[in-house]
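Q: Please pick one part of this model and take me through it slowly. I am in my first year, so do explain the terms as you go.

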Amino acid sequence: MPSSPPVYLDNHATPCVDPQVLEAMLPYFTEVYGNAASKNHVYGRDASRAVEDARADIAKAIGAKHQEIVFTSGATEAINLAIKGVAQATPENKRHFISVVTEHKAVLDCFQWLEENGCETTLLPVDTDGLIDLEELNGAVRDDTALVSVMAANNEIGVLQPIEEIGKICREIECYFMTDATQALGKIPLDVDKMNIDLLTCSGHKLYGPKGVGALYVRRSNPHVKATCQINGGGHERGFRSGTLNVPSIVGFARAVKLACSGMKKDQTRIQKMRDTLQRALLEAIPDAKVNGYLEQRLAGNLNISCQGVESEALIIRLKDTVAFSSGSACTTASIQPSHVLEALGRTEDEIYSSVRFGFGRFNTQKEIEQLAPEITEAVMELQAFAF
Ligand SMILES: Cc1ncc(COP(=O)(O)O)c(C=O)c1O
């Protein structure tokens with residue numbers, strides 16, 4: 001008898017495409033296949049209409065105007081466009097940029113680029129829960145600060161930063177506020193006006209949409225954000241990003257956003273119940289297990305936990321036929337570095353190397369988690385007995 005595949009608990013890396021998203025995309029491969037920039041025939045006009053509808057849907061989900069959404073190939077490109085684009089467009093007396101040590105590498109690498117290109121940067125620390133201190137941010141902003149970039153939800157520990165309060169501080173000192181909402185969109189409410197967000201980045205594949213599509217929100221008034229295009233060649237997307245638009249993926253992205261936002265409360269409540277089931281089981285069975293990240297303000301589907309003496313890689317291999325999950329973030333796993341996020345929280349080397357991330361999603365079921373929980377705790381206890 002064929003064995004069933006392992007349960008998928010790596011939904012922060014990427015979840016599967018929702019069948020409703022796939023269904024929405026399919027006609028745009030073989031029926032409405034025109035180039036959205038070819039406005040002189042019906043094929044192009046239909047494709048263009050689909051893109052504009054998608055733009056409006058995504059804008060609506062974050063309280064933006066449709067003209068403020070720029071489609072990109074994903075969040076990494078959107079982040080590059082936002083940070084490098086602002087740096088190249090701001091005046092000489094605005095060359096200071098602020099972010100946080102626990103950001104995704106896409107932001108941190110762009111901050112490295114800023115340093116190499118004549119800008120000054122400040123990376124704020126976080127406390128042992130992964131939160132920034134607003135007083136510290138208040139002390140770091142200066143007259144020459146161009147932009148503050150703080151992620152809405154962390155991809156490793158799921159911690160939610162106080163975005164609304166950060167937006168208030170940025171508005172007071174008149175610098176741009178950017179948030180990387182790649183893990184947050186569709187999981188927590190976001191409103192660019194209420195939160196004073198000037199730039200926001202997001203990605204299709206983190207919310208049951210296709211990979212290779214994302215968006216940047218760029219505020220057009222109060223203030224009008226200026227950012228220089230990073231990909232030249234034709235002036236698409238109001239000059240922000242050239243290149244033929246990926247119509248099927250844009251349609252799928254918008255459908256994914258609509259689904260996630262309309263079903264947010266129900267989905268997240270169900271997901272949190274599953275997360276809490278495994279968390280409870282692990283904390284009850286393993287006395288020295290430690291959850292990483294602020295317990296009160298966290299993505300519903302995130303459980304990042306360290307079990308002393310149990311190498312995360314050993315646990316992943318031990319459970320490979322049962323459950324698929326990860327150690328730290330996908331990008332840091334590829335480069336086999338200790339998680340910079342857990343380091344920033346002040347975790348010990350043992351805690352970092354014994355940390356695993358379970359990411360729960362829409363297609364997991366309470367029943368499968370209830371079956372899994374004892375199997376995972378047993379594997380941890382076995383490996384711990386071996387270690388000590
Ligand atoms: C918080 C965060 N920002 C940015 C990215 C990059 O997104 P993309 O895969 O769309 O380039 C990711 C994906 O891992 C992420 O989790």
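**A close look at one sheet**

A: Let's start with one pair: Val100 stands opposite Leu124, which belongs to strand S4. A word on the source first: this is a predicted model, where local features need pLDDT of at least 70, side-chain atom pairs count only at pLDDT 80 or more, and totals for chains, interfaces and linings use all residues. Residues are numbered from 1 along each chain, as its sequence is written.

Val100 sits in strand S3 (residues 96–100), which 5 bridges join to S4 (residues 120–124), and the two run parallel. Two strands count as a pair if DSSP finds at least two bridges between them. The names come from DSSP runs, numbered from the N terminus: helices are H or I with at least four residues, strands are E with at least two. Strands of a sheet pair through backbone hydrogen bonds, either parallel or antiparallel.

Between these strands comes helix H5 (residues 105–116), and S3, H5 and S4 make a right-handed β-α-β unit. Right-handed means that, with the strands pointing away from you, the path from the first strand over the helix to the second runs clockwise.

Now step back to the whole sheet. It is open and has 7 strands in the order S2-S8-S7-S6-S5-S3-S4, with mixed pairing. S2 (69–72) and S4 stand at the edges; each has a single partner strand, so one side of each is left without a neighbour in the sheet. From one strand to the next, the twist averages 20 degrees. Angles here run from 0 to 180 degrees between N-to-C directions, with axes fitted as lines to C-alpha atoms, for helices over the stretch in contact.

Go to the S2 edge. Here 4 bridges join S2 to S8 (residues 214–218), and this pair runs antiparallel. The bridge partner of Phe71 in S8 is Ala215. If you follow the chain on from S8, Pro223 lies in the loop between S8 and helix H8 (247–262). The peptide bond from Asn222 to Pro223 is cis, with omega near 0 degrees.

Helix H7 (residues 163–173) lies across S5 (145–149) and S6 (176–180), and its direction makes about 155 degrees with that of S6. Residues are in contact if their C-beta atoms, placed from the backbone, lie within 7 Å. In the loop between H7 and S6 you will find Glu174. Glu174 is not a glycine, yet it has a positive phi of about 60 degrees. Most residues other than glycine have a negative phi, and most peptide bonds are trans.

There is also a ligand. Among the residues surrounding it are Gly74, Ala75, Thr76, Asp180 and Gly214; a residue belongs to this shell if its C-beta atom, placed from the backbone, lies within 6 Å of the molecule. By class, the shell has 3 nonpolar, 8 polar and 1 charged residues. Nonpolar covers Ala, Val, Leu, Ile, Met, Phe, Trp, Tyr, Cys and Pro, charged covers Asp, Glu, Lys and Arg, and the others, Gly among them, are polar.

Finally, place this in the chain, which is divided into domain 1 (7–16 + 264–387) and domain 2 (19–262). These bounds come from an automatic or database domain assignment. The domain centres, taken over C-alpha atoms, are 28 Å apart, and 25 residues of domain 1 are in contact with 26 residues of domain 2.

Note on methods. Contact = placed C-beta atoms within 7 Å.
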